[in-house]
Amino acid sequence: MQVEQTYHPGLDGVIAAETDLSFLDTEQGQIIIHGYDLIQLSKTNGYLDIVHLLLKGELPSEQERLALAERLSGSYDLPEAVLDVLKRLPASTHPMDALRTGVSVLGGFDTRLDDRSEEANRERAYELLAKLPAVVANSYRILEKKQVLTPKDSLSYSANFLYMITGNVPSELEERVFDQSLLLYSEHEMPNSTFAARVIASTLSDMYGALTGAVASLKGHLHGGANEAVMYMLLDANSPEEFETLLSNKLKKKEKIMGFGHRVYMKKIDPRALIMKEALAELSQAAGDDRLLQMCEAGEALMAKEKGLYPNLDYYAAPVYWMLGIPISLYTPIFFSSRTAGLSAHVIEQHRNNKLFRPRVKYTGPRYTSVQK
Ligand SMILES: CC(=O)SCCNC(=O)CCNC(=O)[C@H](O)C(C)(C)COP(=O)(O)OP(=O)(O)OC[C@H]1O[C@@H](n2cnc3c(N)ncnc32)[C@H](O)[C@@H]1OP(=O)(O)O
Ligand SMILES: O=C([O-])CC(=O)C(=O)O
């Protein structure tokens, strides 16, 4: 077979799949999900609406939204064996690795794992969406030797998630902002983790395997792990001036600044970052403390001036999560938990119209005509 010789490092600009799920319209600053703009939806709708949109292809009616909330809250509880496995992990385990283990272990409880039908995969997505908040929150609690919490069915999906993490029932503002962050993280076309999940699913492997691989992908600092890295960077400074100096020094050392740049947006701001920036302003006002907002704005201005680079979602999600009282090591697990909606929809789509991913290489090694010593 004649192999096309065009090579795109990092598959930059390569179309890897046909999808009706989502598309980044960088011209309009829109994130299209099944025809709707996620940015617009973030101002009018909630996370569960997007879950419904991703998994059912349309926004829910009031009745469908309630049914979805009930479907999820009915499956919040984790099998005892999952908690047992989490309890056996070494204390040094990162919550993202505990989550990877948790997703993998949940596969063992699926009694019809070989059923790849859309209906079975959608049920799996609901099970994962229901249980991952408990995996995320309780794996952290176990690692930190804190008390394991049981979910509160009386709270909304997002309020319960935040409650499980902090141990406090959130205020209306905290619940709304957290829900909005989950919505913004829910789906984003073809990032590395989604590609990883689709590559795995393309062998007809199962949803748990595909998502376990996606957790590993998302952990990296060039991808989802950036939200955690941004927060550590912010904590290394105490004022906007100190933060500017910190960033300038990193740039001088040719270090990458976490929370800036994006393969698709690169020279434009990620439209999701703007929404989280507004949320940060709201939280800052409520707390009477805008130090983090001031620092972030100073960093944003410096990066635009020095590098022509703009914030991605992780840059503003990090300080928002900090102000919500969320432990830093849970920022990326929360991102994954939210993204489970989009990832599951991609696995379903991959299985619906499958073609095995198996690209070729540009070989740069030697070729010998006889055995060398
Ligand atoms: C939710 C998300 O997952 S969003 C992404 C989160 N990740 C981050 O915030 C990590 C920081 N950002 C980055 O590393 C990159 O911008 C990425 C990985 C997101 C995109 O990278 P790529 O598309 O592969 O572009 P690449 O890394 O080659 O960058 C292109 C140029 O911009 C520079 N650049 C890109 N991002 C940054 C950054 N954050 N800080 C400093 N310079 C940067 C690179 O050094 C490179 O410069 P050069 O051409 O002079 O070598
Ligand atoms: O799209 C990407 O490459 C990364 C990203 O912003 C996301 O996954 O939300």
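## Strand pairing

F23 has I32, in β2, as its bridge partner. In this predicted model, L24 is likewise bridged to a β2 residue, I31. Four bridges join β1 to β2 (residues 30-33), and the pairing is antiparallel. β2 also pairs with β3, again antiparallel, through two bridges. Here I32 comes up once more: its bridge partner in β3 is D37.

The result is an open sheet of three strands, ordered β1-β2-β3, with antiparallel pairing. β1 and β3 (36-37) are the edge strands, each pairing on one side only. Strands of a sheet pair through backbone hydrogen bonds, either parallel or antiparallel.

## Turns and faces of the sheet

Two hairpins link the strands. β1 and β2 form one of them, with four residues in between. G29 sits in that turn and has a positive phi of about 65°. β2 and β3 form the other, with two residues between them. In this turn H34 has a positive phi, of about 45°.

Which residues of β2 are on its covered face, and which on its uncovered one? I31 and I33 make up the covered face. Q30 and I32 make up the uncovered face. In a regular strand the side chains alternate between the two faces of the sheet.

## The nonpolar core

The largest nonpolar core holds 113 residues. Within it, F178, I326, I334 and F336 touch the most other members. Helix α6 (residues 118-143) gives the most to this core, supplying 13 residues. Where does the core lie with respect to the domains? Domain 1 (22-220 + 333-352) and domain 2 (226-323) both contribute residues, so the core lies between them.

## The largest pocket

The largest pocket encloses about 1600 Å³ of space. Its lining counts 49 residues. P191, N192, H262, R263 and V264 are the ones nearest the centre. By type, the lining divides into 23 nonpolar, 14 polar and 12 charged residues.

Several elements supply at least two lining residues each: strand β1 (22-25) and the helices α9 (192-201), α14 (291-307), α15 (313-323) and α16 (331-352). β1, an edge strand of the sheet, is thus also part of this pocket's wall. The pocket lies between domain 1 and domain 2, because both give residues to its lining.

## The second largest pocket

The second largest pocket has a volume of about 980 Å³. Its lining is made of 30 residues. V14, I15, F357, R358 and P359 lie nearest its centre. The lining divides into 14 nonpolar, six polar and 10 charged residues.

Helices α9 and α16 each supply at least two residues of this lining. Both helices also supply at least two residues each to the lining of the largest pocket.

## G209 in helix α10

G209 has its place in helix α10 (residues 207-219). Is G209 buried, exposed or partly exposed? Its relative accessibility is 26%, so G209 counts as partly exposed, given that buried means under 20% and exposed over 50%.

G209 and R100 are 109 residues apart along the chain. Their C-alpha atoms are separated by 9.9 Å.

Note on methods
Residues are numbered from 1 along each chain as its sequence is written. Chains are lettered from A and ligands numbered from 1 in the order in which they are written. This is a predicted model: local features need pLDDT of at least 70, side-chain atom pairs count only at pLDDT 80 or more; totals for chains, interfaces and linings use all residues. Side-chain values use heavy atoms; hydrogens and water are left out. On a 1 Å grid over the protein atoms alone, a cavity is a set of points where a 1.4 Å probe fits but cannot get out, and a pocket is an open set with protein on both sides within 12 Å along at least five of seven lines; lining residues have an atom within 4 Å of a point. Grid points are joined across faces, edges and corners, and a volume is the space filled by probe spheres set on the points. Ala, Val, Leu, Ile, Met, Phe, Trp, Tyr, Cys and Pro count as nonpolar, Asp, Glu, Lys and Arg as charged, and the others, Gly among them, as polar. Domain bounds come from an automatic or database domain assignment. Two strands pair if DSSP finds at least two bridges between them. A nonpolar core is a set of buried Ala, Val, Leu, Ile, Met, Phe, Trp, Tyr and Cys residues joined through side-chain atoms within 4.5 Å. Buried means under 20% relative accessible area, exposed over 50%, partly exposed in between (1.4 Å probe, protein chains only).
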